[in-house]
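Here is a friendly walk through one protein model and its bound ligands. Keep the sequence and the 3D view open as you read.

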Amino acid sequence: MAQNISVPDIGDFESVEIIEVLVKAGDTIKKNDPIVTLESDKSSVEVPSPASGKIIELKVKIGDKVSKGSLLATLQNISLENGNDKTNEKPEKIKKDLNPKNQVTSVPTNEIKKVFAQPASKDDIDPAETNEWIDSLNAVIENDGASRASYLLNKVISKAYTAGLVLPDTRTTPYINTIPTEAEVKSPGNQNIEKKIRAYIRWNAAAMVVKANKISSELGGHIGTFASAATLYDVGMNHFWRAKNKSFGGDLIYFQGHSAPGMYARAFLEGRLSEQQLDRFRQEVNKGGLSSYPHPWLMPNFWQFPTVSMGLGPIMAIYQARFTKYLINRGLLKDEGRKIWVFLGDGEMDEPESLGAIGLAAREKLDNLIFVVNCNLQRLDGPVRGNGKIIQELEGSFRGAGWNVIKVIWGSYWDPLLKADKNGLLMKRMMECVDGEYQAMKAKGGAYVRDRFFSKYPELKELVSSMTDNDIWRLNRGGHDPHKVYAAYHAAMANKGSPTVVIAKTVKGYGMGKSGESINTTHQQKKLDEEDLLYYRDRFKVPLTDKQVRDIEYFKPAENSEEMKYLKERRRELGGFIPERSSFATPIKAPSKDIFEIFMKSTGEKEMSTTMALVRMLTNLLRDKNVAPRLVPIIPDEARTFGMEGFFRKIGIYAHEGQKYEPEDSEQLSSYREEKSGQVLEEGITEAGAMSSWVAAATSYTNHDIEMIPIYIFYSMFGFQRIGDFAWAAGDAQARGFLIGATAGRTTLAGEGLQHQDGHSHILASMIPNCVSYDPTFAYEMAVIFREGIRRMHEKKENIFYYITAMNENYSHPSKPEGADEGILKGMYLFNECKNKSKTKVQLLGSGTILREAISAAKILSEEYEIDCDIWSVTSFNELRKNGLEIERKNLLNPKEKKEKSYVEKCLEKRDGPIIAVTDYVRSFSDQIRPFTSKPFYSLGTDGFGRSDTRKNLRKFFEVDKEHIVAYTLSILASEQLIGSENAEKAFKKYNIDQKKIFPTKI
Ligand SMILES: Cc1ncc(C[n+]2csc(CCOP(=O)(O)OP(=O)(O)O)c2C)c(N)n1
Ligand SMILES: [Mg+2]
């Protein structure tokens, strides 16, 4: 059966041009294979075939204009009826639940009087009645089980809400452990041995910090943080965290940055780090030292995640967990039940980034994610919530967001007391006390606790009357009790359908005694005197002599000791060591040059923006079978701004639950198609989240052993300026991928105004050592740069990432000049020379869209003033500067040698005339190359706040339009005494340039 293929609904566009015809008569094609590519003034989109078959006749050619319904081709249908293709099917209607078990029973409940907003009574006016209710609940639990009891309570609560009762706040639960003692899963470990191992690790971690500070107090470090978290880490290391090896991808652990000494101390016992290395904590300049904090750049075989800038770890880990599911749902990664564990301080939870994405984690049902918040109640300066309770506050936030919350507040020594607390008075007292009091209690000893905590109520005083002050002092916190921690981790591992947060209460500086236990200065404590060290040794029973303690020796038991055997056996059992960073990803072959060939030719009259050119490149790349599946387009709610809405239908938007609704625009070519295996990460309005996704994808080659090509497209103003710290961390993490700063240029993004117009993102990008950045003008430059980026990063595995700016100004693009590739990549090449044989020459350098103003200015200078310009397209002032600096340094270090020339110098040395550089960025962008040429150098740029107006007005305001370039060039030539000053004066008048105008930075 023959079938016509016509243009489907393409949204708002009328009469759009066909720019590619992708099939010919006689071709056999599959359903959804692209037939043609259409291009409007903003975006390009492929038209897929509605069915499989053979093309009988093509009805269109390149350049034709078409609208909805226009005939494109006829098809001999071969499998229309086979029903295998589901792409165009509408999502299944949500079925009504017909299961009688889930039906609401029809037994009516009695209606009662409605009330509104009366607070709950605080007094028990009828204790007998209260007891009846509690007895009823107990009876249901005993007879029908916990599920039935919960059901009944829910039913009663919902009835109470409908009656208008004001119910107590249910975001939080009582201030006790979430897991009842009876329900705790017991650790299979040997507690005696584990306790010893933990003591040695504690000692060595403290010793390395103290030793470093004996060398110099400049070196710093932290003892108190790891001291409070040692049990939380150790239980994970001994029982839960599975390493990467041949048969398993490995759990991913985000360690709290300044607990690093603890990880080194364990690695020392494991034999992975030597004593010499521990001695070199925070002395990294010469090889063999240990990083202050987790820095993959500095310890690439050890650390995986840079976390020390607080708040980055939690949000990056959330997106890591989501990206792991993305890879699984796209069929690129096996689902092995790997977990992402994240260790955080309670103070760190103040960071907006720490809590900012917890809603996403719950929405995406990230049950592969486990947060552990170490609530030692202190941050750097003092208590985290002296007047409140950080644990309750966090519980409320996480529960509210939909997380599984496991509180580990009290250790086992409290169990008998809580059991004896029949009337709930102890629990009430626990709830009453604020964190400032809890902190003071751990600083001041058992007698103080008896006096301040228990003695408030006679019953509680009585409860502990047979306990000594020491016994009271020993009442431990949950985070220091390996049994409680084990039970919590076990429950976290088993949880399905939501992320888990373990909120553990600990003591900052645990075991440090008067030198730093639970006192406000704990965080800064990095020196322990002899007495403190002896105390610390005794507290944890580390088998060192007094002399060894005085010499601050590390302790490592004999290799054949039971502790060492146990420690190694545990890790062997769990598949290897943690942390460890490695990569076994196979490279991606760079796409063939053909894919980019079309961009090397002139577009003729046809105008497009570099953003459109880039989107077309990506569309073409989706036809390359090596590259296509690895592309990860990441967009924070701006796909339509950048003309990328065609991707929605073509490759789908990732949605872990698929699409449960029929999209409003389902008939259209760019329909909003969500899919479980969707490829686009449509992030919503979160640059921090989008960047975290990008980092996860850009480091997938090490964390998942699969090389991915993330391309994150954003408003360039909301890039480095907004998420600069993430970009820095990406450099540290050795991310590989593309950041695209779209709508770039202070005067190119016109109407949007001050907060949108970017004139400095390249400067920010230039500060990151492994970020390679470009500001291309023409489609062929973009193509050459982009392809080389894929080759360098994903084929050659260079640990760099690319920042490329793209603009939204439409213009026609010339053909690539012969032999320009090398210069495009190095940062500049000769675009054109005016050869009027004039005596007066100028070297005109431009980048981005402002290069086009320079080209127009050169024409005027040549035709009207007989001044010859060499026009240089500068694709990267940043790369030119890097090269210049390196060569200059080399020359200075080798004064006897013949001087080498920088690339800038090689380009310009034989050229006459002053250099004038013009960009859509602040002048310091182009000024970067000023030192590398001996010629007079002038910059024109867009220093100052942007403002909304037309491009023409903006360029005039910032003095980067062709008229200003002409007038300033004449003035520069006058100042260099190459021509008379009257030319410039005349030009200022001719072009209406106000010579008294205030400098734009001041307006
Ligand atoms: C973004 C950022 N701001 C400030 C710091 C400096 N800093 C390091 S640790 C710390 C206190 C941390 O307190 P908390 O999160 O409670 O961790 P703890 O040491 O108590 O476990 C601060 C402010 C940092 N590392 N990162
Ligand atoms: Mg803290």
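## The magnesium site

Asn376 and Gln378 are both buried; in this predicted model, each of them also serves as a donor to the magnesium ion, ligand 2. The protein donors are Asp346 through OD, Asn376 through OD1 and Gln378 through its O atom, at 2.0 to 2.1 Å from the metal. If you want to find these donors in the sequence, look for the spacing D-x29-N-x1-Q.

## The pocket around ligand 1

Which residues are closest to ligand 1? They are Thr225, His258, Gly347, Glu348 and Lys508, part of a shell of 17 residues. By character, that shell divides into 3 nonpolar, 9 polar and 5 charged residues.

Several oxygen contacts are worth displaying on screen. A polar backbone atom of Gly347 sits 2.8 Å from an oxygen atom of ligand 1, and a backbone N or O atom of Glu348 is likewise 2.8 Å from a ligand 1 oxygen. Lys508 uses its side chain instead: an N or O atom there is 2.7 Å from an oxygen atom of ligand 1. Taken alone, ligand 1 exposes 590 Å², and the protein buries 75% of that.

## A parallel sheet and another strand pair

Further along the chain you will find an open sheet of 6 strands, paired in parallel, with the order E18-E15-E19-E20-E22-E21. Its edge strands are E18 (681–682) and E21 (771–774), each pairing on one side only. The partner of E21 is strand E22 (residues 801–805), joined to it in parallel by 4 bridges. To see one pairing up close, pick Cys771 and its bridge partner in E22, Phe801.

Strand E25 (residues 841–846) is mostly covered, with 5 of its 6 residues buried. E25 pairs in the parallel sense with strand E26 (residues 868–874) over 6 bridges. Here Gln843 has Asp870 in E26 as its bridge partner.

## Strands at the start of the chain

An open sheet of 4 strands has antiparallel pairing and the order E1-E8-E6-E3. Why is one side of E1 and of E3 left without a neighbour in the sheet? Strand E1 (2–6) and strand E3 (28–29) stand at the edges and each has a single partner strand, so one side of each has no neighbour there. E1 is held to strand E8 (residues 71–77) by 5 bridges in the antiparallel sense, and Ser6 has Leu71 in E8 as its bridge partner.

Strand E2 (residues 16–21) is another mostly covered strand, with 5 of its 6 residues buried. E2 makes antiparallel pairs with strand E7 (residues 65–66) over 2 bridges and with strand E4 (residues 34–39) over 4 bridges. Two partners to look up are Lys65 in E7 for Glu17 and Leu38 in E4 for Ile18. As a viewing tip, side chains in a regular strand alternate between the two faces of the sheet.

## An exposed arginine

Is Arg572 buried or exposed? Arg572 lies in helix H20 (residues 562–573), and its relative accessible area is 58%. Because exposed means over 50%, Arg572 counts as exposed.

Arg572 can also give you a sense of distance across the model. From Arg572 to Ala163 the separation is 409 residues in sequence and 59 Å in space, C-alpha to C-alpha.

Terms used
Residues numbered from 1 in each chain as written. Chains lettered and ligands numbered in written order. Predicted model: local features only at pLDDT ≥ 70, side-chain atom pairs only at ≥ 80, totals over all residues. Heavy atoms only, no water. Near = heavy atom within 4 Å. Polar contact = N/O pair within 3.5 Å; in protein donor to acceptor, adjacent residues only side chain to side chain. Areas by Shrake-Rupley, 256 points an atom, 1.4 Å probe, with all protein chains shown as cover. Nonpolar A, V, L, I, M, F, W, Y, C, P; charged D, E, K, R; others polar. Donors = N, O, S within 2.8 Å, 3.2 Å for Na, K, Ca; no water. Buried < 20%, exposed > 50% of the residue type's maximum accessible area, 1.4 Å probe, protein only. Pairing = 2+ DSSP bridges.
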